[in-house]
Amino acid sequence: MGTIEVGTASWTDKTLLASGWYPASADTPEKRLAYYAKQFAVVEVDSTYYGPPAEQTTRLWAERTPDGFTFNIKAFSMLTGHPTKVSAIYKDLRPETDKKNVYPGDLPAQAYEEIWSRFLSALDPLVEAGKLGAVLFQFPPWFGIRKSNKEYLLEVASRCKPLRPVFEFRNASWFSGANQNETLDFLRAHKLPFVGVDMPQGHKSSIPAIMAATADLAVVRFHGHSDKWTSKDIHEKFGYNYSEKELESWAPRLRELAADADRTQVFMNNCYSDYAQRNATTLIELLGDA
């Protein structure tokens, strides 16, 4: 069985800071990250979806964590075809428009290429420190299974090389009927890591909880089962506390997945209060039990 690393999708959420999970002595960003890194070996940075990181920031992350610690970075929304706030784009590349949100097609080709280049370059300090795990590409609900979208997955892999992109879908067409095997076979053929999810079902963005290793790296993200999944309040959407019984049922599935991969990363994305941190700690304990 390959290694299993468990972490969370945030260490700076305001509700986490208010929860008391951090000791009083962890009273600065530097001390909080250092404390987090003593509890977990990996973290997913979701803030980079809302705005690309500065190289100075990623350098500080690298400097403030111990050897062997890993950051996964969520790709900037513009790179996954999501609506992106104009204010989130690099100042010199912002289009002249009255729109609040724009898409790749709203930008000149050169500006779009420059966003790609700057985003990936900003990760260099993590690469140099050996602390960059993977870059998460989470696609929007309208990104369904079709030839052009498969080609885009390959384009992303090519653009990121030698960095490691991993892919999360939010459109069930990728897994409807025979499409499931087609999707997983395509990912395996190109050694593209699939991101399995546990999430609320019955919504436009719902994906079944498929656990599959399509490369030497496997990733699983736990989004919770909030009954307010469609809420625009991110804490209502992800405010779900897994019970120990639920996590117990996941432990054997994660071990089975890890048997097919060299490295398996598990992220609790139920980021409200200290739910994710406590659930991650419980899961680590369960996975440690024979």
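This report walks through selected strands, helices and loops of a predicted model.

## Strand E1: Ile4 and Glu5

Let's start with two neighbours in strand E1. Glu5 sits in E1, which spans residues 3–8. Its relative accessibility is 15%, so Glu5 counts as buried, the cut-off being under 20%. The Glu5 side chain has a polar partner: the side chain of Arg263, at 2.9 Å. Beyond four places in sequence, Glu5 is in contact with Val42, Arg263, Thr264, Gln265 and Val266.

Ile4 is in strand E1 too. At 22% relative accessibility, Ile4 counts as partly exposed. With neighbours up to four places away set aside, the contacts of Ile4 are Leu254, Arg255, Ala258, Thr264, Val266 and Leu287. As for Ala41, it is 37 residues from Ile4 along the chain, and the two C-alpha atoms are 10.0 Å apart.

## Strand E3: Asn72

Is Asn72 buried or exposed? Asn72 is part of strand E3, residues 70–74, and it is buried, with a relative accessibility of 2%. The side chain of Asn72 reaches a backbone atom, the nitrogen of Ala134, at 3.0 Å.

Leaving out residues up to four places away in sequence, Asn72 touches Val43, Glu44 and Val45, then Gly133 and Ala134, and finally Gln265 and Phe267. Gln265, for its part, is also one of the contacts of Glu5 in E1.

## Helices H5 and H7

Now for a helix pair. H5 covers residues 109–121, and its axis comes within 11 Å of the axis of H7, with a crossing angle of roughly 55°. That makes the two helices oblique to each other, because the angle is neither under 35 degrees nor in the 65 to 115 range.

Which residues of H5 and H7 meet? On the H5 side they are Tyr112, Glu113, Trp116 and Leu120; on the H7 side they are Tyr152, Val156, Arg159 and Cys160. Sorted by class, this contact has 6 nonpolar and 2 charged residues, with no polar ones.

## After H7: a cis proline

Lys161 and Pro162 are joined by a cis peptide bond, with omega at about 10°. Pro162 belongs to the loop that runs between H7 and E7.

## The loop with Arg170

Further along, Arg170 lies in the loop connecting strand E7 (165–168) and H8. Despite being an arginine, Arg170 is buried, with a relative accessible area of 7%. Which side chains make polar contacts with the side chain of Arg170? One is that of Glu168, at 3.1 Å; another is that of His223, at 3.2 Å.

Arg170 has a long contact list, again without residues up to four places away: Gln138, Phe139, Pro140, Pro141, Met199, Lys204, Ser205, Ile207, Arg221, His223 and Trp229. Pro140 is 30 residues from Arg170 along the chain, yet their C-alpha atoms are separated by 5.8 Å.

## Helix H8 and its end

H8 takes up residues 179–189, and its buried residues are Thr183, Leu184, Phe186 and Leu187. Why do these residues count as being on the same side of H8? They cover an arc of only 155° around the axis, so they share one side of the helix. This fits a simple rule: an α-helix has 3.6 residues a turn, so residues three or four places apart point the same way. As for the packing partner, the buried residues of H8 pack against helix H7, residues 147–160.

H8 is followed by Lys191, which has a positive phi. Lys191 is not a glycine, and its phi is about 55°. Lys191 is in the loop between H8 and strand E8 (195–198). With a relative accessibility of 61%, Lys191 counts as exposed.

## Another positive phi: Ser273

Where is Ser273? Its loop links strand E10 (263–268) and helix H11 (275–288). Ser273 also has a positive phi without being a glycine, with a value near 55°. Ser273 is buried, at 18% relative accessibility, whereas Lys191 is exposed.

Definitions and conventions: Residues numbered from 1 in each chain as written. Predicted model: local features only at pLDDT ≥ 70, side-chain atom pairs only at ≥ 80, totals over all residues. Heavy atoms only, no water. Helix = DSSP H or I, 4+ residues; strand = E, 2+ residues; numbered from the N terminus. Buried < 20%, exposed > 50% of the residue type's maximum accessible area, 1.4 Å probe, protein only. Polar contact = N/O pair within 3.5 Å; in protein donor to acceptor, adjacent residues only side chain to side chain. Contact = heavy atoms within 4.5 Å. Arc of directions from axis to C-beta. Axes fitted to C-alpha atoms, helices over the stretch in contact; angles between N-to-C directions. Parallel < 35°, antiparallel > 145°, perpendicular 65-115°, else oblique. Nonpolar A, V, L, I, M, F, W, Y, C, P; charged D, E, K, R; others polar.
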